[in-house]
Structure formats: C-alpha cells, structure tokens
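Trainee: Got a minute? I want to go through the charged pairs in this one.
Mentor: Sure, put it up.

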Amino acid sequence: RIILIGLIVLANGARGITVRIDGETGPLASLLLEVLDGHVDFVAVPLFFAISGFLFLRKFDLSLADYGDMLRKPFVSVLVPYMLFNAGLAAWFYFCGSIEMIGSWNSLVSEGLVAKTFGLGALPINYPLWFLRGLLVMYLISPIFLVFFKEAPGVGLVALFLLWTGLSEGPYSFAGEMFAFYLGGFVARFRVPLAGVSWWQRAASWAFCLLTVTLVSWKSLGFTDEGVRQFCFKANLVLGLAAFWRVSAFSMIRDSRLLARMGRHSFFVLLAHEPTISVLQTRLLTIWRPVGDAQQAAFYFGSGLAVIFGLWLVAEALSRLVPRVYGFAVGARTDALRRA
C-alpha cells in the first residue's frame, strides 16, 4: 500500500519540476518523468480500485440486507475521511490563505463550496481524493456488477473494458473505475490464482515493460494514431496490474518490516499529501532553484520522499497520542489500528 501511495505522491509532486520551475526540464529528468509520471505511476489508482473490488465483491450477495450491511462499513471508512480532509482544506483557505496550484477561498466560493466539498460535478477541494469519491460510487452501483457475475461474468469484463477503451479519452474515467473494480471482483469470485509467481505474472511483467518503452518512444517509432496510442496505454495499465503483483512477490518488498509498518498509515499519507507537498515545494523553491537533470531529479524524489516519511511520522505520533481522534479521521477503529 505504501509503495502505491508513494507513487501517487510522486506523480502529484511532478508539477514541481514541470510547472513550478522556471526554464526547461533537463532531458534525463524529462525522460524520468515520462516513464514514471507518464506511465508507471498511472497503474497505482486502477490497482487500488481492483483491490477494493476484490475485497468488496468477493462475498457480496444480491440482497437488500447484504447491500445495506456491505455499504455501512466502507461508507464510514471512506466518507468520513473524504469529508473531513476536504473541509479541513477549505478551513485552511479561509483562515490561512491560498496554496499554490491547489486553490484559494475565493476560487473555492466561485466554483461552489458545496459542489467542491462533496465533489459533485467537479474535483473535490483536496483534488486527489477524487479516488475516494469514485470508490463510494462503485459501492453504490455494486449490484450492477453482481448481475453480471450471475448472468454473464466474462461478457461483463469484456464489455466494461471496451467501454473504457472505446469511449473514454483519458486513462482515468468512470468507465475505467468500473472496469478495474469489476476486474477485482472477477478475480476474487472466480478464484484466479494469485499466490506465488504464476506464468501470467511473468508474461505480463515483460509485456508491461516492452509496451511502456514503445509508448514512451511512440512518435520516434513513427506511430501517429492517437486513438491507437490511447488503447495501448489503457491495455498497458491492465498489464501493469499483473506486473505490480509480480513485484510484490520480491522478498525485499514482501518481507520488509519497514514497508509493513508504514503501510498501516498509508491512508493518512494519501489524505494529507497534496497540500503538504505543494507547500513544501513552494517553500523549497524560495531557496533553491534546481537546474539540470541531477538537481531536478533530486528535487522530484527528495520532496516526494520527505512528504511520505514526514506524514508517516506524523501519523505514528497521532495514533499513539490521540488514537481515537486519529482513528476517526482516517475512518478506522482504534482496535484495528493496534492490531495492524
């Protein structure tokens, strides 16, 4: 979890060298961003949707009682943090001022305070939390997936994939969220083997690497059709799900005590990272203007890692000092946090 959320932090912090820094990004730094921020990092969000679908849909039955019971827990664990961290950022705008590239109180009011707080027809105030808004919608429409599982599971999988690749221009869309969530439930209900390292994980990992190189070199290879590129990009995200699963089997990741310990506070890092990295990068740029590949790469990784580890330390302190408040803020029960 912490690795995936770390990739999201790095992706959202990439604007530090693509937008905030005056002058051109160095060629090697540009290539680094193209590979990581432009391709690899994109896999994290679909994988989170797939994992959520796996956990939510594996035992869910199509009945009103089960529907209400299944909705209650995730709505507490997702809706409360979603609203709290949006409202907290709104309060910051009102009392403390604007945050560069995120917003201000005046922009918030002009776009609609209620619409932005709930994320209705617009990105939420804390914009990376659109992911949580999407999860809430997936929970609400989950009976649709159950009908597919009962009547035509394979048809549902193919139909949602084609809906995503055929009708959605960007990689992140409502159709894409539906496909990834459904895919997770499909894997769970039809017991696709996940233990160990299967042949399909190896094959998908190599295919993901090769297709990523192809997409990065798309124009230089003479390809020009944007529709084909978008289809290949989305297909590559699906390959990336398997590739990331393969990477999770590496002993240095699977058996890492540090990653396991950091993982229990990964949700807090996700909730709080965007305003934190924006403020940190703004302050850094007042004293340091990174020039060239080495400095820009250091700025990119340094600011991202500082936010990840800094927020983790804050979460560790809060979970010990005020466990009930912290548990409420992240939508978790304090006993579950202690067990984690």
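Mentor: Start with E226. Its relative accessible area is 42%, so E226 is partly exposed. Buried means under 20% relative accessible area, exposed over 50%, partly exposed in between (1.4 Å probe, protein chains only).

Trainee: What does R229 form with E226?
Mentor: A salt bridge, with the closest N and O atoms 3.1 Å apart. The rule is a side-chain nitrogen of Lys or Arg within 4 Å of a carboxyl oxygen of Asp or Glu.

Trainee: Where do R229 and E226 sit?
Mentor: In helix α13 (residues 226-247), three residues apart, separated by about one helical turn. Helices are DSSP runs (H or I, at least four residues), numbered from the N terminus.

Trainee: And what's the fine print on the model?
Mentor: This is a predicted model: local features need pLDDT of at least 70, side-chain atom pairs count only at pLDDT 80 or more, and totals for chains, interfaces and linings use all residues. Residues are numbered from 1 along each chain as its sequence is written, and side-chain values use heavy atoms, with hydrogens and water left out.

Trainee: How many salt bridges by this rule?
Mentor: Seven.

Trainee: Which residues are linked in a network?
Mentor: R261, R264, E316 and R320, through salt bridges. E316 and R320 pair at 3.5 Å, N to O. Both lie in helix α17 (residues 292-321), four residues apart.

Trainee: Is E316 buried or exposed?
Mentor: Buried, at 6% relative accessible area. R320 counts as exposed, at 57%.

Trainee: New topic. What about E111 and K116?
Mentor: Their side chains meet in a salt bridge, 3.5 Å from N to O. E111 is partly exposed at 47%, while K116 is buried at 11%.

Methods:
Helix = DSSP H or I, 4+ residues; strand = E, 2+ residues; numbered from the N terminus.
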